[in-house]
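Subject: Structure handover and findings

Dear colleague,

I am passing on to you the structure that I have been going through, together with its sequence. My notes on what was found in it follow below, arranged by topic.

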Amino acid sequence: MCGIVGYIGNRNATPIIIEGLKRLEYRGYDSSGIAIIDKDSKLKLYKESGKIIELERILPAPKEVYGNIGLAHTRWATHGEPTSTNAHPHTSCSGKIAIVHNGIIENFQILKNKLLAQGHVFASETDSEVVAHLIEHFSRKTDDLTLAVQEALKLVEGTFGIAVISEDHPDRIIAARKGSPLIIGIGKNEFFVTSDVSAIIIHTKKVIYLHDDEIVTVTRDSFEITTLENEVVEATISEIDWDVSSIDKGQFKHFMLKEIFEQPISVENAFRGRLVPKLSTTRLGGLNMTGDELRILEKIQIVACGTSWHAGLIGKYIIEHLSRVQVDVEYASEFRYRNPIIPKNTVVIVISQSGETADTLAALREAQARGVRVLGITNVVGSTIARESDGGVYIHAGAEIGVASTKAFTSQVTVLSLLAVLLGRMRHLSPVFGTNFINELKGIPEKIQKIIESNAQIRKIAETIKDATNALYLGRGVNYPVALEGALKLKEISYIHAEGYPAAEMKHGPIALIDENMPVISIVPKDVIYDKIISNLQEVKARNGRIIAIANKGDDVVSELAENVIYIPETLYDLQPLLSVIPLQLLAYHVADLRSLDVDQPRNLAKSVTVE
Ligand code: G6P
């Protein structure tokens with residue numbers, strides 16, 4: 001949600017952290033701000049509501065904000081409206097200490113009351129500001145800024161990724177984390193702190209992921225990590241394995257379009273090195289489970305949010321179909337508070353692109369607290385969910401910047417299909433089936449590419465529905481969750497109300513909505529329930545609904561019924577979602593673009609939801 005960038009070194013911090021902020025804008029973006037300690041060791045603060053461009057407008061000429069140390073923040077409001085006063089950084093009474101904070105301070109009111117009683121004066125309505133005042137309180141007792149921050153954070157209940165600078169210590173940044181990511185970037189005679197590596201990857205690929213309750217003191221040429229109890233911690237330096245091009249739009253108008261177009265490659269990256277043609281199976285090394293453990297598995301409980309939840313639903317269809325292992329799928333926010341029944345021989349699989357979603361993380365911890373093994377399917381290497389899972393699989397989709405998830409979804413489904421084959425081959429699936437599946441999967445990237453070539457046609461279809469106020473998405477079987485995902489894509493970025501339904505369920509309610517203004521987007525591949533979906537479409541047609549069909553080439557029946565047909569290549573039943581979702585992503589994209597909306601940063605949404 002919110003984003004943090006900090007810099008200390010020999011260069012001017014301002015352009016570096018502003019550029020970093022822009023890279024983080026996709027996470028949450030209702031206001032932003034920077035704090036710089038200038039060459040006269042004075043703390044300068046600039047904050048503005050709205051996008052970062054608004055912040056840039058209020059910055060004085062570059063020379064006046066010259067300093068080698070600074071912090072920046074993009075905010076997604078939780079406590080207090082998105083005004084410039086509530087934007088971060090927040091300062092202490094003396095104006096000498098500045099902090100930026102991601103997360104939520106649950107006991108802020110108690111802390112604030114105590115600080116008010118001691119004479120502290122608060123400027124904002126945020127929970128975060130208490131930390132600046134607490135640090136000031138402890139700074140009066142010690143000259144050591146790190147110790148003051150440690151003492152302050154010991155009093156804080158809740159979550160934080162935090163960074164602190166002080167006029168009295170113009171040679172250091174202190175940063176800490178608990179439940180909200182904080183990363184140190186190591187450059188040459190310079191360091192960065194950030195909540196998301198996208199902000200700093202143009203400067204360095206060497207990073208350290210702080211763990212919960214760790215605090216780091218960074219100077220121009222050194223860093224030291226300790227616990228909040230001041231015990232020194234040994235750091236592990238990691239190398240970021242994706243490239244700067246992932247965070248550039250290149251020739252594309254939006255990240256979302258670029259990410260849709262990347263899917264032939266990202267899907268291939270999800271299965272690369274994981275196919276074992278010789279044994280007609282797949283290999284997922286990171287599961288950390290022996291063959292015996294996988295063989296006795298009786299149930300999988302998938303837990304996720306948003307698009308990742310939709311991928312999980314598809315996983316249920318594929319895994320149950322191929323391996324006959326029972327799969328349940330639940331929203332993380334429900335699972336964590338529901339006292340769920342987890343039978344023996346169950347693993348919990350959490351799916352999260354960002355690896356930081358608060359509800360998914362809490363669900364992971366709840367399952368672990370019950371002694372259940374948790375596997376994580378994540379994209380972001382080193383993310384909290386990736387680290388806390390007992391095993392798992394990275395989807396290797398590369399940075400996903402568009403708030404509406406696209407390539408992460410197809411990569412998640414790819415990985416789930418690999419798991420399905422692995423479990424299936426350990427049970428009853430024949431080598432012939434395994435080989436056929438692997439060969440078909442290998443051909444998927446090319447088939448996705450074929451669909452992407454229909455981009456211009458899909459834009460024309462988007463023209464015909466761009467003024468709709470409602471839309472219905474229908475699919476059956478493995479394509480039912482694809483219908484849900486298609487509807488989610490449309491509503492997220494075009495603000496058109498859309499619902500996904502299993503096609504046959506339409507007559508139990510949604511059919512009442514159908515008239516000549518209602519686009520009905522229907523997934524109709526030639527499979528075992530093809531005839532049933534055709535009957536459902538006849539029902540739509542009889543009520544003058546406007547059908548857009550996703551169908552296989554040469555399907556004349558569908559072309560008779562539908563106003564428009566987008567053709568996709570045929571594939572195995574279990575792999576259909578990897579193809580059928582592509583036109584839906586493109587359709588949503590073009591509708592939003594034709595409505596001149598901010599596709600990559602839709603209103604009210606955040607890429608990674610780190611609050612409940
Ligand atoms: C937010 C994003 C969605 C995403 C969901 C779950 O709502 O806008 O695109 O699907 O969070 O995120 P995760 O990172 O856990 O997959």
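To begin with a single position, Asn339 lies in the loop that runs between α10 (332–335) and β19 (346–352). Its relative accessible area is 57%, and because this is over the 50% cut-off, Asn339 counts as exposed. The backbone there deserves a note, since phi of Asn339 is near 55 degrees, a positive value in a residue other than glycine. Please keep in mind throughout that this is a predicted model, and that the values I quote are computed from it.

A second residue has a backbone angle of this kind. Phi of Ser280 is likewise positive, near 55 degrees, and Ser280 is not a glycine either. Ser280 sits in the loop between β15 (275–276) and β16 (281–282), and with a relative accessibility of 6% it counts as buried. Asn339, by contrast, is exposed.

The peptide bonds also hold something to look at: His88 and Pro89 are joined by a cis bond, with omega at about 0 degrees. Pro89 belongs to the loop between β4 (69–75) and β5 (90–91). As background to these backbone features, most residues other than glycine have a negative phi, and most peptide bonds are trans.

Turning to the chain as a whole, there are 19 helices and 26 strands. The radius of gyration is 26 Å, close to the 25 Å that the globule rule gives for 612 residues, so the chain is as compact as a globular protein of that length. Taken along the principal axes, the box filled by the C-alpha atoms is roughly 80 × 55 × 45 Å. Of the 612 residues, 61% are buried, while the accessible surface of the chain comes to about 23100 Å², with 50% of it belonging to carbon and sulfur atoms. If one takes the contacts between residues at least 6 apart in sequence, 71% of them join residues at least 24 apart.

Which cavities does the structure hold at 30 Å³ or more? There are four of them, and the largest cavity has about 70 Å³ of space. Its lining consists of Cys2, Arg75, Trp76, Thr78, His79, His88, His101, Asn102, Gly103, Thr126, Asp127 and Ser128. By class, that lining is made up of two nonpolar, eight polar and two charged residues. You will notice that His88, which is among the residues lining the largest cavity, is also a partner in the cis peptide bond with Pro89.

Among the helices, α5 (residues 145–154) is mostly covered, with seven of its ten residues buried. These buried residues are Leu145, Thr146, Ala148, Val149, Gln150, Ala152 and Leu153. They pack against one helix, α4 (129–139), and against the strands β7 (160–166), β8 (169–178), β12 (214–218) and β13 (223–227).

What does Gln412 touch, leaving aside residues up to four places away in sequence? On that basis Gln412 touches Thr307, Ser308, Ala311, Ile351, Ser352, Gln353, Ile377 and Ile395. Gln412 is part of helix α13 (residues 407–425), and with a relative accessible area of 1% it is buried.

Gln457 offers another case, this time in helix α15 (residues 455–465). At 33% relative accessibility, Gln457 counts as partly exposed, because that class lies between the cut-offs of 20% and 50%. Its contacts, not counting residues up to four places away in sequence, are with Val565 and Ile566. Gln457 and Ile566 are separated by 109 residues in sequence, yet their C-alpha atoms are 8.1 Å apart in space.

Finally, Glu516 is placed in the loop between β23 (497–502) and β24 (519–524), where a relative accessible area of 49% makes it partly exposed. Glu516 touches Arg543, Asn544 and Arg546, with residues up to four places away in sequence again not counted. From Glu516 to Gly545 the C-alpha distance is 5.0 Å, although the two are 29 residues apart in sequence.

With best regards

Notes:
Residues numbered from 1 in each chain as written. Predicted model: local features only at pLDDT ≥ 70, side-chain atom pairs only at ≥ 80, totals over all residues. Heavy atoms only, no water. 1 Å grid on protein atoms, 1.4 Å probe; cavity = no way out; pocket = protein on both sides within 12 Å on 5 of 7 lines; lining within 4 Å. Points joined across faces, edges and corners; volume = space filled by probe spheres on them. Nonpolar A, V, L, I, M, F, W, Y, C, P; charged D, E, K, R; others polar. Helix = DSSP H or I, 4+ residues; strand = E, 2+ residues; numbered from the N terminus. Rg over C-alpha atoms; globule rule 2.2 N^0.38 Å. Buried < 20%, exposed > 50% of the residue type's maximum accessible area, 1.4 Å probe, protein only. Contact = heavy atoms within 4.5 Å. Areas by Shrake-Rupley, 256 points an atom, 1.4 Å probe, with all protein chains shown as cover.
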